[in-house]
Number of protein chains: 2
Amino acid sequence: MSITVVGSIAYDSVKTPFGERERMLGGTAVHFSLASSFFADVHVVGPVGDDWTETEMATLARPGVNADDVEHVPGGKTFFWRGHYDYDLNTAHTDDTQLGVFADFQPKLSDASRACEVLFLANIQPELQLQVREQCDRARFVALDSMNLWIDTARDALLRVIETVDCVLLNDTELRMLTGEPNLVRAARTVIGWGPGSVVAKQGEYGATLITRAGFFSLPAYPLESVLDPTGAGDTFAGGFIGTIAAHDTLDEEILRSAMAHGTTLASFNVEEFGTERVSRLQHPEIEDRVNELREMTRFSGRPLPARG
Amino acid sequence: MSITVVGSIAYDSVKTPFGERERMLGGTAVHFSLASSFFADVHVVGPVGDDWTETEMATLARPGVNADDVEHVPGGKTFFWRGHYDYDLNTAHTDDTQLGVFADFQPKLSDASRACEVLFLANIQPELQLQVREQCDRARFVALDSMNLWIDTARDALLRVIETVDCVLLNDTELRMLTGEPNLVRAARTVIGWGPGSVVAKQGEYGATLITRAGFFSLPAYPLESVLDPTGAGDTFAGGFIGTIAAHDTLDEEILRSAMAHGTTLASFNVEEFGTERVSRLQHPEIEDRVNELREMTRFSGRPLPARG
């Protein structure tokens, strides 16, 4: 099974109460690719500038990641983001954004990328998401992410692309904003009414919730005593989630739940260190061990309580 | 098994986007008692004034609730709270508080209340909690709730009583505030270091997390498409949680997890309608049905994913 992801490739400068890094490899497509490559082959589509080096390419192009569609734009600069977090690690504060080559990005997909069975439209302009969606017309499962900026400024285009996908992943506040519905279950049902069979509400430190036509599933975040840098957690979650879906020939509620557990687990590794540091050296058995821990942490027995008296 | 609860008995006037009620029966001890009475006998200790009527007493004194220690203070008025919620139902906005007889409340426990096996110190002045704790010296399980006001103004007294209890229930923001530790797991471990064997972090619409010396357990809130009034959800949770503990002769991680599920379930019924309306007519089989639904909504299979390649 092969996945294609279209999104940003970036340099991130991040400061948290626990440390800082300058110009780390980052970006939605990067975090997604590293996470999903544990489960399936992934084609990365995104632009870089003249400042892109072999060092970053070596980190990105790990086994399972095909970087042929990483487009070098001569004379341009790679997308750059600078941000910081206070002790409330749920809120990123942006200090600087330089779109660089990302400003005029027009996704160019090779035949191999277009032939993907699974497609992830990371958070980019909805018009571009729609173009990519139309090129990947054989994909059996398509998911998208978005953000408050597009909900505010390109809502119609976003709704058009949502109608063409199987799954929408959004932060829970974005989901409420998109639908105008403060109740999470109703907000998800509204999106499902537009076409997608499933909605994932990302809830930061509280975990994630999956709502499908058939059911409801919720999983806490893996508990960590030390979170160094939450940057990329959402896209790493998406990589574990979509990667798991791609690793199976079929799709049912059970596989979606396993996908949620793998997404949650990958995201937990991501935030343990800065940028891609932890996931870059992650080993597959570590993933399954943590998935098993998560299962144990959410399990409770079936013994019913007798009615009193 | 019998439980004693010491806390407020109140009239609540509440307005939410979905309706409003004037002078409903409310208060921490009331919500706790109604919920816990499904599982054990509960003695309520709290003061009321001349405005207290037979109607409220009839609602409170349901089967399993012993109201002998509801103290009528002649010439006084029952605690009154007026508040409202906007669409963000997680935040209560207080419009008026009249402490009335609660201002000079000195808990007076009958022999029967003092002989309890399980004690819940609802959110009152820590000095009073400590007095009650000392009177109930045969209790095998003692839990307490508190609030930001006491963390701010009576932290030393609060720490003294925390040292004497088995379980602390707090909102997760209060837990962080109490310990000065932004990380939830570390905050809970700090409290456990003070003496209690377990900590419950109440997380509103996100559910609740249990941290013990031995482990970690987290459960989402039961998903509801319609939440009318969250007032009393935390104390109703505590009632289901402590009631379940009281219904068992022993205590282990499995019983604590079942208690979390029953607390979560009771709280979900509480918020479906205003005040005590829903829990007052709740039937035991409805509780077990919803606990089973919660188990199904959090379960995922054990099938491991093969490593790729």
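Let's go straight to helices H1 and H9 of chain B, where B:Thr28, B:His31, B:Phe32, B:Ala35 and B:Ser36 of H1(B) touch B:Asp235, B:Thr236, B:Ala238, B:Gly239, B:Gly240, B:Ile242 and B:Gly243 of H9(B). Contact here is heavy atoms within 4.5 Å. Helices are DSSP runs of H or I with at least four residues, strands are runs of E with at least two, and both are numbered from the N terminus.

Before I go on, this is a predicted model: local features need pLDDT of at least 70, side-chain atom pairs count only at pLDDT 80 or more, and totals for chains, interfaces and linings use all residues. Residues are numbered from 1 along each chain as its sequence is written, chains are lettered from A and ligands numbered from 1 in the order in which they are written, and side-chain values use heavy atoms, with hydrogens and water left out.

Okay, back to that pair. By class, the contact of H1(B) with H9(B) has 4 nonpolar, 7 polar and 1 charged residues. For the classes, Ala, Val, Leu, Ile, Met, Phe, Trp, Tyr, Cys and Pro count as nonpolar, Asp, Glu, Lys and Arg as charged, and the others, Gly among them, as polar.

Now the geometry. Two packed helices are described by the angle between their axes and the distance between the axes. H1 (residues 28-36) and H9 (residues 233-246) of chain B have axes that come within 7 Å and cross at roughly 40 degrees. That crossing makes H1(B) oblique to H9(B). The axes are lines fitted to C-alpha atoms, for helices over the stretch in contact, with angles from 0 to 180 degrees between N-to-C directions. Under 35 degrees counts as roughly parallel, over 145 as roughly antiparallel, 65 to 115 as roughly perpendicular, and the rest as oblique. H1(B) passes H9(B) in a right-handed crossing; that word is for a near helix turned clockwise from the far one by less than a right angle, and left-handed is for anticlockwise.

Over to chain A, and H7 (residues 172-179) with H8 (residues 184-193): their axes come within 9 Å and cross at roughly 60 degrees. So H7(A) is oblique to H8(A) as well, but here the crossing is left-handed. H7(A) brings A:Asp172, A:Leu175, A:Arg176, A:Leu178 and A:Thr179 to the contact, and H8(A) brings A:Leu184, A:Ala187, A:Thr190 and A:Val191. That comes to 5 nonpolar, 2 polar and 2 charged residues.

One more helix pair in chain A. How do the axes of H9 (residues 233-246) and H10 (residues 253-272) cross? They come within 7 Å, at roughly 145 degrees, and H9(A) passes H10(A) in a right-handed crossing. On the H9(A) side you'll find A:Phe237 and A:Phe241, among others, and on the H10(A) side the residues include A:Met260, A:His262 and A:Leu266. This contact divides into 11 nonpolar, 8 polar and no charged residues.

Next, the sheet. Chain A has an open sheet of 4 strands in the order E3-E2-E7-E8, with mixed pairing; two strands pair if DSSP finds at least two bridges between them. Strands E3 (19-26) and E8 (93-98) of chain A sit at the edges with a single partner strand each, so one side of each has no neighbour in the sheet. On average, neighbouring strands are turned by 15 degrees against each other, direction ignored.

Walking across it, E2(A), residues 10-16, pairs with E3(A) in the antiparallel sense over 6 bridges, and A:Val14 has A:Arg21 as its bridge partner. E2(A) and E7(A), residues 79-84, run parallel, joined by 6 bridges, with A:Ala10 opposite A:Phe79. Then E7(A) and E8(A) run antiparallel with 5 bridges, and A:Gly83 stands opposite A:Thr94.

Chain B also has an open sheet of 4 strands, E3-E2-E7-E8, mixed again. E7(B) and E8(B) pair in the antiparallel sense over 5 bridges, and B:Arg82 has B:Asp96 as its bridge partner in E8(B).

Last bit: how do the chains relate? A rotation of 180 degrees with 0.0 Å of shift along its axis superposes chain B on chain A, RMSD 0.0 Å, with the least-squares fit using C-alpha atoms of residues with pLDDT of at least 70 in both copies. The two copies are thus related as by a two-fold rotation axis. The same surface serves both, with 100% of the contact residues of chain B recurring in chain A.
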